[in-house]
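Trainee: Before I rely on the labels used for a model like this one, I would like to hear the reasoning behind each of them. Could we take them one at a time?

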Amino acid sequence: MSGIVSRRNLLKLGAGAVGTGVLTAGVGSQLISPPKAVAQNDISPDQALKQLLEGNKRFAERKRQNPHQSYTRIAEVAKGQKPFASILGCADSRVPAEIVFDQGFGDLFVCRVAGNVATPEEIGSLEFGSSILGAKVIMVLGHERCGAVTAAIKGGEVPGQIGSLVTAIQPSVEKSKNQPGDKLENACKANVMAQIENLKKSTVLAQLIKENKLKIVGGYYDLDTGKVTMVS
Ligand SMILES: [Zn+2]
């Protein structure tokens, strides 16, 4: 599939999925919500990242505002969505994106899969999230004591399709095995970086980065404190 055809298909999908509500939803939320709580995505990638990290700061400091969780907000975003950030996070039940970043309906475009691996389906979803919906930052979010990374470190036989996750994470285990410090934490962070590299191979995402419409960053969630630190 050529880049042009692929983009056209995405656009077609976008028209059907979000329709004409994209513009009106923005106007409505400005009228109803205080400015700082409006998660419009006509902002820069740096501003989007700042907004994301500020949300996590509120969460970790136990100052959650639970923005955009009202029934009014549900009605607003029913007309269309303009998420400001995308998350490629782990399926782990202890890392729910909207809660740990203190966001609500319509704010985050979230893809979750064990080990936060960038499979073709995840990449396609994130391409949609940024090229059609306009998310300005993608954060690959790994976390402390990740079960999928633990399985990749252990190796050996695993049942069913779990092996596909292990295979995707193993190169990061290999790459980080001689680093000083905690082996599991190092592998989790190496996996975040490896998945960022996988995402950057997408021509759709690479083009958006080139146009300064997107930034892809890595984060690591601490299960004990609730804090997200940047991985680079
Ligand atoms: Zn995990």
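Mentor: Let us begin with aspartate 107, which has a relative accessibility of 0%; buried means under 20%, so aspartate 107 counts as buried. Keep in mind throughout that this is a predicted model.

Trainee: What makes the contact between arginine 73 and aspartate 107 a salt bridge?

Mentor: The side chains of arginine 73 and aspartate 107 meet at 2.8 Å, N to O, and the rule asks for a side-chain nitrogen of Lys or Arg within 4 Å of a carboxyl oxygen of Asp or Glu, so the pair qualifies. Arginine 73 sits in helix α4 and aspartate 107 in the loop between α5 and β2, so that the link spans distant parts of the chain, 34 residues apart. Arginine 73 is likewise buried, with a relative accessible area of 7%.

Trainee: How do you know that arginine 58 is buried, and what does the side chain of arginine 58 meet?

Mentor: Its relative accessibility is 19%, and the limit is under 20%, so arginine 58 counts as buried. The side chain of arginine 58 meets that of aspartate 102 in a salt bridge of 2.6 Å, N to O. Because arginine 58 lies in helix α3 (residues 45-60) and aspartate 102 in the loop between α5 and β2 (108-112), this pair ties together parts that are 44 residues apart in sequence. Aspartate 102 is buried, with a relative accessible area of 0%.

Trainee: Why are lysine 189 and glutamate 185 said to be separated by about one helical turn?

Mentor: They are four residues apart in helix α9, which is why that description applies. Their side chains also meet in a salt bridge, at 2.8 Å from N to O. Lysine 189 has 26% relative accessibility and glutamate 185 has 29%; partly exposed covers what lies between the 20% and 50% cut-offs, so both of these residues receive that label. By the distance rule, the count comes to 13 salt bridges.

Trainee: What makes Cys90, His143 and Cys146 the protein donors of the zinc ion?

Mentor: Their donor atoms, SG of Cys90, NE2 of His143 and SG of Cys146, lie 2.0 to 2.3 Å from the zinc ion, and the cut-off for such N, O and S atoms is within 2.8 Å of the metal, so these atoms count as donors. In sequence the donor residues are spaced C-x52-H-x2-C. Cysteine 90 lies in the loop between β1 (85-89) and α5 (97-100) and histidine 143 in strand β3 (residues 137-143), so this pair ties together parts that are 53 residues apart in sequence. Both cysteine 90 and histidine 143 are buried.

Trainee: Why is strand β4 called largely enclosed?

Mentor: Six of the seven residues of β4 (residues 215-221) are buried, and therefore the strand is largely enclosed by the rest of the structure.

Trainee: How do you know that β4 pairs with β3 and with β5?

Mentor: Pairing requires at least two bridges between two strands. Seven bridges join β3 to β4, which run parallel, and four join β4 to β5 (residues 228-231), which run antiparallel, so both cases meet the requirement. Isoleucine 138 has isoleucine 216 of β4 as its bridge partner, while tyrosine 221 stands opposite valine 228 in β5. The strands β4 and β5 form a hairpin with six residues between them, and glycine 226 in the turn has a positive phi of about 80°.

Trainee: What makes the phi angles of arginine 145 and asparagine 212 worth a remark?

Mentor: Most residues other than glycine have a negative phi. Arginine 145, however, has a positive phi of about 50°, and asparagine 212 has one of about 60°, although neither is a glycine. Arginine 145 lies in the loop between β3 and α7 (147-154), and asparagine 212 in the loop between α10 (203-210) and β4.

Trainee: Why is asparagine 212 called exposed and arginine 145 partly exposed?

Mentor: Exposed means over 50%, and asparagine 212 has a relative accessible area of 61%, so it is exposed. Arginine 145, at 41% relative accessibility, falls between the two cut-offs and therefore counts as partly exposed.

Methods. Residues numbered from 1 in each chain as written. Predicted model: local features only at pLDDT ≥ 70, side-chain atom pairs only at ≥ 80, totals over all residues. Heavy atoms only, no water. Donors = N, O, S within 2.8 Å, 3.2 Å for Na, K, Ca; no water. Helix = DSSP H or I, 4+ residues; strand = E, 2+ residues; numbered from the N terminus. Buried < 20%, exposed > 50% of the residue type's maximum accessible area, 1.4 Å probe, protein only.
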